[in-house]
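Colleague: I am new to this one. Can you walk me through it, one question at a time?

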Amino acid sequence: MELTFRWYGNSDPVKLEYIRQIPGMRGIVSAIYDVPVGEVWPLDKIEALKQEVEKHGLSLSVIESVPVHEDIKIGLPTRDKYIENYKQTLINLGKCGIPVVCYNFMPVFDWTRTSLDHELADGSRTLIFEEDIVKKMDPLSGELSLPGWDASYEKDELSQLFSHYKKVDHEKLWENLEYFIKAILPVAEDADVKMAIHPDDPPFDIFGLPRIITNKDNLERFINLYDSPYNGLTMCSGSLGAVSTNDFYEMLRYFGKKGRVNFVHARNIKRSGQYSFQESAHLSKEGSIDMYQVIRALSDFDYQGPIRPDHGRMIWGETGKPGYGLFDRALGATYLNGLWEAEVKSRFIQKEDKNAE
């Protein structure tokens, strides 16, 4: 596997020179953050980002993400313009040798939490999602601002978006996703850019908006929209693992052996209810995800793609972008490296013992 780390550009308090010092770190996951959603990413901006990463001895392994314009998700007549722009962005990324693009198809909201600084028993602070709080919220009140939202939406714009989505149920969203996938995937193949859709986070409907990338059946339906290894998945343990009915390890093996796992997010969460959870340290016993089983599943299909330690707690007095401090994610990266080394060496020893019999 290729160990990677999310970096938010030169304004990120977590510097590339710090990331480079994490043992085993090879790649960076980043994006262009100053281009409006739906516009083409200029070739020179992509090249500049790549050069900045490479001069620190790292590779630009994944773009996360190229956002999908809401008009595409809703299926408005204007979607074709934005799809053409998306295609050109993929062409430009391919020219720069970017191998993987992570993206999502979540209506209006990206990943959503109810608090960014929930204090755990050890004094660290983490992200949390509480179902009861979400049920009491009105996203159209104008007073609500949750992490994962596009903060650029004004109240009237948000109201208009929700009005459009009244006509978009789960099947309509599937229809719009299929239209998008069948349009961009031939371009991605030609550009040699593997697409990796991220599961909905959390993997269930929020505020009456449909979410469809939520479980094994839906992931299977998705990869069948376009039969190509370029139409792949970001397997996120914290997203899919947020509900107990998802057997993440089995899903990981299943889609890995189909050649559709193009990116992995390794994050631990601790479920506290059917639709409630808090993010925890990566260590298996700290949450509901057995991280060793995640690594073992990756080893079962000899995963060679990028993986990153996902959201970390804020520890040791660090301040910064919630979920994306340096210290806890660096600990997570080292933990993943140790599990991977132990699993690989264990399999090698077992093979040697079997050959000696």
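Modeller: One definition before we start: helices (H or I, at least four residues) and strands (E, at least two) are DSSP runs, numbered from the N terminus. By that numbering, glutamate 70 is in helix 3, residues 70-74. Keep in mind that this is a predicted model.

Colleague: How many helices and strands does the protein have?

Modeller: Both kinds of element are present in the protein. The count is twelve helices and twelve strands.

Colleague: What radius of gyration does the protein have, and what would a compact globule have?

Modeller: The protein has 357 residues. A compact globule with that many residues would have a radius of gyration near 21 Å. The protein agrees with that, at 20 Å.

Colleague: What does the C-alpha trace span along its principal axes?

Modeller: There is one span for each principal axis of the C-alpha trace. The spans are about 65 × 50 × 40 Å.

Colleague: What share of the residues is buried?

Modeller: Buried means under 20% relative accessible area. Of the 357 residues in the protein, the buried share is 55%.

Colleague: Take contacts with a separation of 6 or more. What share comes from residues 24 or more positions apart?

Modeller: A contact means heavy atoms within 4.5 Å. Among contacts in the protein with a separation of 6 or more, residues 24 or more positions apart account for 72%.

Colleague: How far apart do the centres of the positive and negative side chains lie?

Modeller: The protein has 42 positive side chains and 55 negative ones. Each set has its centre, and the distance between the two centres is 2 Å.

Colleague: Which strands does strand 7 pair with?

Modeller: Strand 7 covers residues 194-197, and four bridges join strand 4 (residues 100-103) to it in parallel. There, tyrosine 103 stands opposite isoleucine 197. Three bridges, also parallel, pair strand 7 with strand 8 (residues 231-236), where alanine 196 stands opposite glycine 232. The partners are strand 4 and strand 8.

Colleague: Is strand 3 mostly covered or mostly open, and how many of its residues are buried?

Modeller: Strand 3 spans residues 59-64. Strand 2 (residues 27-30) runs parallel to strand 3, joined by four bridges, and valine 29 stands opposite valine 62. Strand 3 is mostly covered, with buried residues numbering five of its six.

Colleague: Where does the chain go after strand 3, and which peptide bond there is cis?

Modeller: Serine 65 is in the loop between strand 3 and helix 3. The bond leading into serine 65 has omega near 0 degrees. The cis bond runs from glutamate 64 to serine 65.

Colleague: Which peptide bond leading to a proline is cis?

Modeller: Look at the loop between strand 7 and helix 8, where proline 202 is found. The bond into proline 202 has omega near 0 degrees. It is the bond from aspartate 201 to proline 202.

Colleague: Is glutamate 70 buried or exposed, and how far is glutamate 70 from aspartate 201 in space?

Modeller: Glutamate 70 has 8% relative accessibility, so it counts as buried. Along the sequence, glutamate 70 and aspartate 201 are 131 residues apart. C-alpha to C-alpha, they are separated in space by 17 Å.

Colleague: Which residues does asparagine 92 contact, leaving aside its neighbours within four places in sequence?

Modeller: Asparagine 92 sits in helix 4, residues 79-95. Its relative accessibility is 7%, so asparagine 92 counts as buried. With neighbours within four places in sequence left aside, its contacts are Val40, Trp41, Pro42, Leu43 and Ile46.

Colleague: Is aspartate 192 buried, exposed or partly exposed?

Modeller: Aspartate 192 lies in the loop between helix 7 and strand 7. Its phi is positive, about 60 degrees, although aspartate 192 is not a glycine. With a relative accessible area of 48%, aspartate 192 is partly exposed.

Colleague: Is tryptophan 316 buried or exposed?

Modeller: Tryptophan 316 is in the loop between strand 12 and helix 12. Its phi is positive, about 60 degrees, and it is not a glycine. At a relative accessible area of 64%, tryptophan 316 is exposed.

Colleague: What distance separates the C-alpha atoms of glutamine 274 and serine 244?

Modeller: Glutamine 274 is in the loop between strand 10 and strand 11. Its relative accessible area is 59%, so glutamine 274 is exposed. Beyond its neighbours within four places in sequence, glutamine 274 is in contact with Ala242 and Val243. Serine 244 is 30 residues away along the chain, and the C-alpha separation is 7.6 Å.

Technical notes
Residues numbered from 1 in each chain as written. Predicted model: local features only at pLDDT ≥ 70, side-chain atom pairs only at ≥ 80, totals over all residues. Heavy atoms only, no water. Rg over C-alpha atoms; globule rule 2.2 N^0.38 Å. Buried < 20%, exposed > 50% of the residue type's maximum accessible area, 1.4 Å probe, protein only. Lys, Arg positive; Asp, Glu negative; His and termini not counted. Charge placed at Lys NZ, Arg CZ, Asp CG, Glu CD. Pairing = 2+ DSSP bridges.
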